[in-house]
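Visitor: Please walk me through this structure slowly, since I am new to it. I would like to know how each answer is reached.

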Amino acid sequence: MDIPLGSSLAQLSNQLELPTRGIAVAVNNSLIPRKDWISYDLKANDSIIIIKAACGG
């Protein structure tokens, strides 16, 4: 997926319409706390993993 240069992780979350709860995001194998999403600028070739919590056993 292509995103505009200089986009923040928060902007990507909004673009993808991610839920506000129950997910975690890692960039280049490092978990980024939600409180840092607005200031975390994505760079070319970043590897982004979105993890969704699931209930059950």
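Guide: A residue is called buried when its relative accessible area is under 20%, exposed when that area is over 50%, and partly exposed in between. With these cut-offs in hand, please keep in mind throughout that the model is a predicted one.

Visitor: Is aspartate 36 buried, partly exposed or exposed?

Guide: The relative accessible area of aspartate 36 is 26%. A residue is buried only under 20% and exposed only over 50%. Because 26% lies between those two limits, aspartate 36 is classed as partly exposed.

Visitor: With which residue does aspartate 36 form a salt bridge?

Guide: A search of the whole structure finds 1 salt bridge, and aspartate 36 takes part in a salt bridge whose closest N and O atoms are 3.4 Å apart. The partner is exposed, with a relative accessible area of 65%. That partner of aspartate 36 is lysine 35.

Visitor: In what order do the helix and the strands follow one another along the sequence?

Guide: The chain holds 1 helix and 3 strands. The helix, H1, covers residues 9–15, and strand S1 runs over residues 23–27. Strand S2 covers 30–32, while strand S3 covers 48–52. Read along the sequence, the pattern is therefore α-β-β-β.

Visitor: What share of the residues in the chain is buried?

Guide: The chain has 57 residues, and its C-alpha trace spans about 40 × 20 × 20 Å along the principal axes. The area that the chain exposes is about 4400 Å², of which carbon and sulfur atoms supply 53%. Of the residues themselves, the buried share is 25%.

Visitor: How far apart are valine 25 and isoleucine 49 in space, C-alpha to C-alpha?

Guide: Valine 25 belongs to strand S1 and counts as buried because its relative accessible area is 2%. Leaving out residues up to four places away in sequence, valine 25 touches several residues, among them Leu9, Trp37, Ile48, Ile49 and Ile50. Although valine 25 and isoleucine 49 are 24 residues apart in sequence, their C-alpha atoms are separated in space by 5.7 Å.

Visitor: What share of the contacts with a separation of 6 or more joins residues 24 or more positions apart?

Guide: The pair just described, valine 25 and isoleucine 49, is 24 residues apart in sequence, and the two residues touch. Among the chain's contacts with a separation of 6 or more, residues 24 or more positions apart account for 48%.

Visitor: Which residue touches serine 13 besides Leu18, neighbours up to four places away being left out?

Guide: Serine 13 lies in helix H1 and is buried because its relative accessible area is 7%. Serine 8, in the segment before H1, is likewise buried, at 5% relative accessibility. Serine 8 is in contact with Trp37, Ile38, Tyr40, Asp41 and Leu42, its neighbours within four places being left aside. Under that kind of count, serine 13 touches Leu18 and also Trp37.

Visitor: What is the phi of asparagine 29?

Guide: Most residues other than glycine have a negative phi. Asparagine 29, an exposed residue with a relative accessible area of 69%, lies in the loop between S1 and S2. Glutamate 17, in the loop between H1 and S1, is not a glycine and yet has a positive phi of about 55°. Asparagine 29 is not a glycine either, and its phi is positive at about 70°.

Visitor: How much accessible area do Met1, Leu16, Ile48 and Ile50 have together?

Guide: Methionine 1 sits in the segment before helix H1 and counts as exposed because its relative accessibility is 69%. Methionine 1 joins Leu16, Ile48 and Ile50 in a nonpolar patch on the surface. The accessible area of these four residues together is about 360 Å².

Visitor: How far apart in space are arginine 34 and leucine 16, C-alpha to C-alpha?

Guide: Arginine 34 is placed in the loop between S2 and S3 and is partly exposed, with a relative accessible area of 37%. Apart from neighbours within four places in sequence, arginine 34 is in contact with Pro19, Thr20, Arg21 and Ile23. Arginine 34 and leucine 16 are 18 residues apart in sequence, and the distance between their C-alpha atoms is 15 Å.

Key:
Residues numbered from 1 in each chain as written. Predicted model: local features only at pLDDT ≥ 70, side-chain atom pairs only at ≥ 80, totals over all residues. Heavy atoms only, no water. Patch = residues over 30% accessible without salt bridge, like charges linked within 9 Å, V, L, I, M, F, W, Y side chains within 5 Å. Areas by Shrake-Rupley, 256 points an atom, 1.4 Å probe, with all protein chains shown as cover. Salt bridge = Lys/Arg side-chain N within 4 Å of Asp/Glu carboxyl O. Helix = DSSP H or I, 4+ residues; strand = E, 2+ residues; numbered from the N terminus. Buried < 20%, exposed > 50% of the residue type's maximum accessible area, 1.4 Å probe, protein only. Contact = heavy atoms within 4.5 Å.
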